[in-house]
Amino acid sequence: MEKTRKSADRLFLFLFAILILFGLVMLVSASAPVGYAKFGDTYFFIKKQLLFGLLPGLFLFIILGNTRYIVLQKFTGLIYLFSLVLLTLVFIPGIGLVINGSRSWVQLAGFSFQPSEFVKLAVICMLAKLLSEHKDLRDWKNGLMPVLAMILPAALLIAAQPDVGTLSILIVIIFGMLYLANTPKIYLALLGLVGIIAFFVLLWAAPYRVQRLTTFLHPELDPQDVGYQINQAYLAVGSGGFWGMGLGHSRQKFQYLPEVQADSIFAVIAEEMGLLITAGLVILIVVITLRGFKIAKGMPDQFGRLLGAGIMIWFVWQSFLNIGTIIGLLPLTGVPLPFISHGGSAFMIGLASIGIMASLSKESKIN
């Protein structure tokens with residue numbers, strides 16, 4: 001007779017509920033001016049977030065949260081194959097959309113979707129399965145290379161879009177999971193060298209990326225063009241001070257700071273809520289991550305451990321990648337802040353991943 005599973009980790013879910021509610025409130029505030037200016041509706045972006053992100057995301061959260069992760073392991077191959085098909089669709093004229101120079105969207109039957117969000121989760125599932133089945137990663141020919149060969153198509157398709165931000169997230173996930181699977185450090189070093197070479201190839205292939213990198217180092221040299229978003233983000237963050245200007249009182253969101261509803265939303269948070277609340281948000285992200293890793297560590301098998309760890313690596317790296325670009329620690333990548341920035345695809349898949357974590361926590365040896 002099957003042993004009754006315990007309930008999902010309440011602390012983990014409670015912390016995520018706080019993050020999601022905070023994100024929805026800040027999205028309402030940050031997106032109101034641009035929503036009214038572009039669409040005549042102050043609540044345009046929050047409506048889309050609720051309708052195309054939260055509602056389908058909650059459905060996936062409930063389904064995956066009540067499905068044993070072992071079942072997910074059985075269907076990992078199909079999930080990964082489906083993700084590659086979605087990635088391929090972005091290159092088909094009439095289906096793929098080009099937004100901000102990147103062919104990252106698919107439009108079908110009037111609905112748009114960003115396949116790369118689904119691919120992140122699919123790659124994590126696939127890596128967890130492969131790394132748990134290939135026990136000896138010291139054998140690079142029969143252990144490591146087959147794993148990398150399976151993941152390579154996803155990375156190449158994302159690089160071809162091109163979506164450097166998503167590619168960087170994917171690379172960090174892959175390295176993190178390989179490290180946790182006890183891949184020899186010499187192999188990780190060699191892969192890192194290959195990654196550096198590929199980075200310079202991407203810079204050489206698209207000169208605008210060199211311009212972005214140069215502007216990141218010296219944003220004051222180009223305040224009206226490439227450096228405009230960075231400089232306006234600095235103004236927003238600096239204007240917030242310790243206490244902030246108050247919810248709804250940002251100045252930069254009124255058509256000064258680009259993409260306030262998306263990858264620049266952290267700047268609006270800093271301006272309105274100040275250093276105190278912003279630091280609290282960062283601490284919340286760290287605490288959620290630590291709790292998630294604790295859940296992963298307590299799993300009874302390698303697949304569960306790597307699956308949970310991969311999801312949390314994704315969450316924390318993308319969070320700090322977004323924050324790092326806004327405060328000037330990293331070049332702009334256009335990566336959204338998880339569960340806060342506008343984006344139905346990202347929100348939906350994010351909630352699906354939390355559903356998986358909830359399922360994992362039911363079988364994790366965690367206090």
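1. In helix α5 (residues 115-133), E117 and K120 sit 3 residues apart, so about one helical turn separates them. The two form a salt bridge, with their closest N and O atoms 3.3 Å apart. Both partners are covered: E117 is buried at a relative accessible area of 3%, and K120 is buried at 1%. The model is a predicted one, and this pair should be read with that in mind.

2. Helix α5 holds another such pair. E133 forms a salt bridge with K129, and here the closest N and O atoms are 2.9 Å apart. These two residues are 4 apart in the helix, again about one turn. An α-helix has 3.6 residues a turn, so residues three or four places apart point the same way. E133 is partly exposed, with a relative accessible area of 43%, whereas E117 is buried.

3. The structure holds 6 salt bridges. One of a different kind from the helical pairs links E363 and R68, whose closest N and O atoms are 2.8 Å apart. E363 lies in the segment after α13 (344-361) and R68 lies in the loop between α2 (44-65) and α3 (69-74), so this salt bridge ties together parts that are 295 residues apart in sequence. E363 is buried, at 17% relative accessible area, while R68 counts as partly exposed at 31%.

4. On the overall fold, the protein has 13 helices and 3 strands. Its radius of gyration is 21 Å, close to the 21 Å that the globule rule gives for 367 residues, so the protein is as compact as a globular protein of that length. Taken along the principal axes, the C-alpha atoms fill a box of roughly 60 × 50 × 45 Å. Of the contacts with a separation of 6 or more, 72% are between residues 24 or more positions apart.

5. On burial and surface, 50% of the 367 residues are buried. The accessible surface comes to about 17400 Å², and carbon and sulfur atoms account for 70% of that area.

6. The largest nonpolar core has 95 residues. Those with the most contacts inside this core are L19, L131, M177, I288 and L307. Leaving aside residues up to four places away in sequence, L19 touches L281, L284, I288, F315, F339 and I340. I288 is thus both a contact of L19 and one of the residues with the most contacts in the core.

7. Helix α12 covers residues 302-326, 25 residues in total. From first C-alpha to last, α12 reaches 36 Å, close to the 36 Å expected at 1.5 Å a residue. The helix is mostly covered, with 21 of its 25 residues buried. Just after α12, G328 takes a positive phi of about 85 degrees.

8. Where does R251 lie? R251 is in the loop between α10 (228-240) and α11 (265-297). R251 is exposed, with a relative accessible area of 54%; the cut-off for exposed is over 50%. Not counting residues up to four places away in sequence, R251 touches M245, Y256 and E271. R251 and E271 are 20 residues apart along the chain, and their C-alpha atoms are separated by 8.3 Å.

How values were computed. Residues numbered from 1 in each chain as written. Predicted model: local features only at pLDDT ≥ 70, side-chain atom pairs only at ≥ 80, totals over all residues. Heavy atoms only, no water. Core = buried A, V, L, I, M, F, W, Y, C linked by side-chain atoms within 4.5 Å. Buried < 20%, exposed > 50% of the residue type's maximum accessible area, 1.4 Å probe, protein only. Contact = heavy atoms within 4.5 Å. Expected span 1.5 Å × (residues − 1). Rg over C-alpha atoms; globule rule 2.2 N^0.38 Å. Areas by Shrake-Rupley, 256 points an atom, 1.4 Å probe, with all protein chains shown as cover. Salt bridge = Lys/Arg side-chain N within 4 Å of Asp/Glu carboxyl O.
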